[in-house]
Amino acid sequence: MLFNVYPLYDIEPVRAQGSYLWDTKGDRYLDLYGGHAVISVGHTHPRYVAALTDQLQKISFYSNSVKVSLQDELSEKLGRLSGYPDYALFLCNSGAEANENALKLASFHNGRTKVVAFKKAFHGRTAGAVAATDNASIVAPVNYNQHVTFLPFNDAAAAVSGITDETCAVIVEGIQGVGGIHVASDEFLQTLRRRCDETGAVLILDSVQCGYGRSGKFFSHQHSGIHPDLMTMAKGMGNGFPIGGVLISPKFEATYGMLGTTFGGNHLACRAGIAVLDIMQDEALIENAARLGDYLADGIRQIGGYKELRGRGLMIGIEFDFPVEPLRNALLFDHHIFTGVAGKNTLRLLPSLALGVAEADTFLEALAKEVKVVS
Ligand code: PLP
């Protein structure tokens, strides 16, 4: 029996392709959620399947005590596509683990322990990551939070006074995901960068949800022109294969034993990561995310009936002035469309970056119908 920690829908997807899922009854569903932003290039993309199948027949894993050239290939391609060719890559297995390692690196770098995080932030469930998380639904068993100060998000003045010479690291999402799709303003991110430079704090951009092309740029902070010291990634990086990573500025020096993991950078994970980047590049999926994001946002604006529309690219939050669970259920059960929520009142869309106009239209038609019913 499984440890029962997840409330589940009584739907079991057994097959998937592109933006669609099929359940055990053969019913088809449009997937506008991608299992929390994980499906980046689309389900079972033929090139992705071919790459993993080929790799399985060669070698899937050995430990980080031997050379794995696929790690170099992934690092080189990621550096080039993301615009950070001079940053080094540390590979791990999940978003929380990436954040954990980033916080560790920051502390190694300046010898400090205090962390600044932001209200409504979500950084994961491991000890360090959950300590920097401010979300009523995420429970931590003991007070891990002694080193973390939570400042208001998007408040540049509070950041100026809250980041001090004692601050080890500032960790922030370029677009808050679980916290409700709140986009960090250019001024806010630029202030964080400046204050970190002034105080010697390390600036970590948690790009686990908002990175990997989702915002219409590789990283959402690239809309503001800043360069973080560390960027954490996971979710879309492997299109469903578990892989995470930290991109690390050249000012950090690596030493043997500083970081480590058994599974991080294994052959299969690297091959999945490389396939994702190749597909993103060859199919111009970052540009598609920007275009389809605008298309969806225009359509949602025309439908109206919401309180606020937020997000960038294919990371979209529609806040209503009522709880959205019934709306989400209607979309799922009556229209066969998977969406997500953030908090009680915000519908969250995180479709594949390869979403097409026809699929966007299917959602817009369903939303128009349901919004008319509830309003
Ligand atoms: N950071 C952000 C912004 C996230 O949205 C998440 C997961 O939702 C995480 C970190 C944690 O990632 P994982 O669940 O892979 O540990």
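# Exercises on a two-domain model

Phe363 touches Leu30, Leu32, Leu296, Ile300, Ile318, Leu331, Ile337, Thr339, Leu347 and Leu349, leaving out residues up to four places away in sequence. The structure is a predicted model. The exercises below start from this residue.

## Exercise 1: the nonpolar cores

Task: State how many residues the largest nonpolar core has, which residues have the most contacts inside it, and where it lies.

Solution.

Step 1. The largest nonpolar core has 76 residues. Phe363 is among those with the most contacts inside this core, together with Leu192 and Met280.

Step 2. Helix 8 (residues 267–282) supplies the largest share of this core, 10 residues.

Step 3. Both domain 1 (13–45 + 285–374) and domain 2 (47–282) give residues to the core, so the core lies between them.

Step 4. There is also a second, separate core of 24 residues, which includes Ala98, Ala132, Cys168 and Ala169.

Background: in soluble globular proteins, nonpolar side chains tend to be buried together.

## Exercise 2: the two domains

Task: Describe the interface of domain 1 and domain 2 by its contacts, its buried area and its salt bridges.

Solution.

Step 1. Begin with the assignment: domain 1 covers 13–45 + 285–374, and domain 2 covers 47–282. Their C-alpha centres lie 25 Å apart.

Step 2. For the contacts, 28 residues of domain 1 are in contact with 30 residues of domain 2.

Step 3. About 2500 Å² is buried between the two domains, and carbon and sulfur atoms give 62% of this area.

Step 4. The rule finds zero salt bridges across the interface. Polar contact does occur, with a count of 14 residue pairs between domain 1 and domain 2 (both at pLDDT 80 or more).

Step 5. On the side of domain 1 that touches domain 2, the elements giving two or more residues are helix 1 (34–37), helix 9 (285–303), strand 13 (308–312), strand 14 (315–319) and strand 17 (346–349). Helix 9 gives the most to this side, with four residues.

## Exercise 3: three salt bridges

Task: For the salt bridges Lys67 with Asp72, Glu76 with Arg80, and Arg193 with Asp229, decide whether the partners are buried, partly exposed or exposed.

Solution.

Step 1. Recall the cut-offs: buried means under 20% relative accessible area, exposed means over 50%, and partly exposed is in between. The count for the structure comes to 18 salt bridges.

Step 2. In the pair Lys67 and Asp72, the closest N and O atoms are 3.0 Å apart. Lys67 counts as exposed because its relative accessibility is 64%, while Asp72, at 44%, counts as partly exposed.

Step 3. In the pair Glu76 and Arg80, the closest N and O atoms are 3.0 Å apart. Both residues lie in helix 3 (residues 69–82), four residues apart, about one turn of the helix. Glu76 has a relative accessibility of 42%, so Glu76 counts as partly exposed. Arg80 is also partly exposed, at 48%.

Step 4. In the pair Arg193 and Asp229, the closest N and O atoms are 3.2 Å apart. Arg193 belongs to helix 7 (residues 186–199) and Asp229 to the loop between strand 10 (202–206) and strand 11 (230–233), so the pair ties together parts that are 36 residues apart in sequence. Arg193 counts as buried at 11%, and Asp229 counts as buried at 4%.

Step 5. Salt bridges that share partners join Arg193, Asp197, Asp229 and Lys251 into one network.

## Exercise 4: two buried residues

Task: Place Asn239 and Leu292 in the structure and list what each is in contact with.

Solution.

Step 1. Asn239 is found in the loop between strand 11 and strand 12 (244–248). Its relative accessible area is 4%, so Asn239 is buried.

Step 2. The side chain of Asn239 reaches the backbone nitrogen of Val41 at 3.1 Å. Apart from neighbours within four places in sequence, Asn239 is in contact with Val38, Ile39, Ser40, Val41, Gly42, Tyr48 and Val276.

Step 3. Leu292 lies in helix 9. At 3% relative accessibility, Leu292 counts as buried.

Step 4. Apart from neighbours within four places in sequence, Leu292 is in contact with Leu314, Leu355, Gly356, Val357 and Ala360.

Step 5. Leu292 and Glu319 are 27 residues apart in sequence, and their C-alpha atoms are 19 Å apart in space.

Conventions
Residues are numbered from 1 along each chain as its sequence is written. This is a predicted model: local features need pLDDT of at least 70, side-chain atom pairs count only at pLDDT 80 or more; totals for chains, interfaces and linings use all residues. Side-chain values use heavy atoms; hydrogens and water are left out. A nonpolar core is a set of buried Ala, Val, Leu, Ile, Met, Phe, Trp, Tyr and Cys residues joined through side-chain atoms within 4.5 Å. Buried means under 20% relative accessible area, exposed over 50%, partly exposed in between (1.4 Å probe, protein chains only). Domain bounds come from an automatic or database domain assignment. Contact means heavy atoms within 4.5 Å. Buried area is the accessible area (1.4 Å probe) that two parts lose on being put together, summed over both. A salt bridge is a side-chain nitrogen of Lys or Arg within 4 Å of a carboxyl oxygen of Asp or Glu. A polar contact is a pair of N or O atoms within 3.5 Å; within protein, one must be able to donate a hydrogen and the other to accept it, and residues adjacent in sequence count only if both atoms are side-chain atoms.
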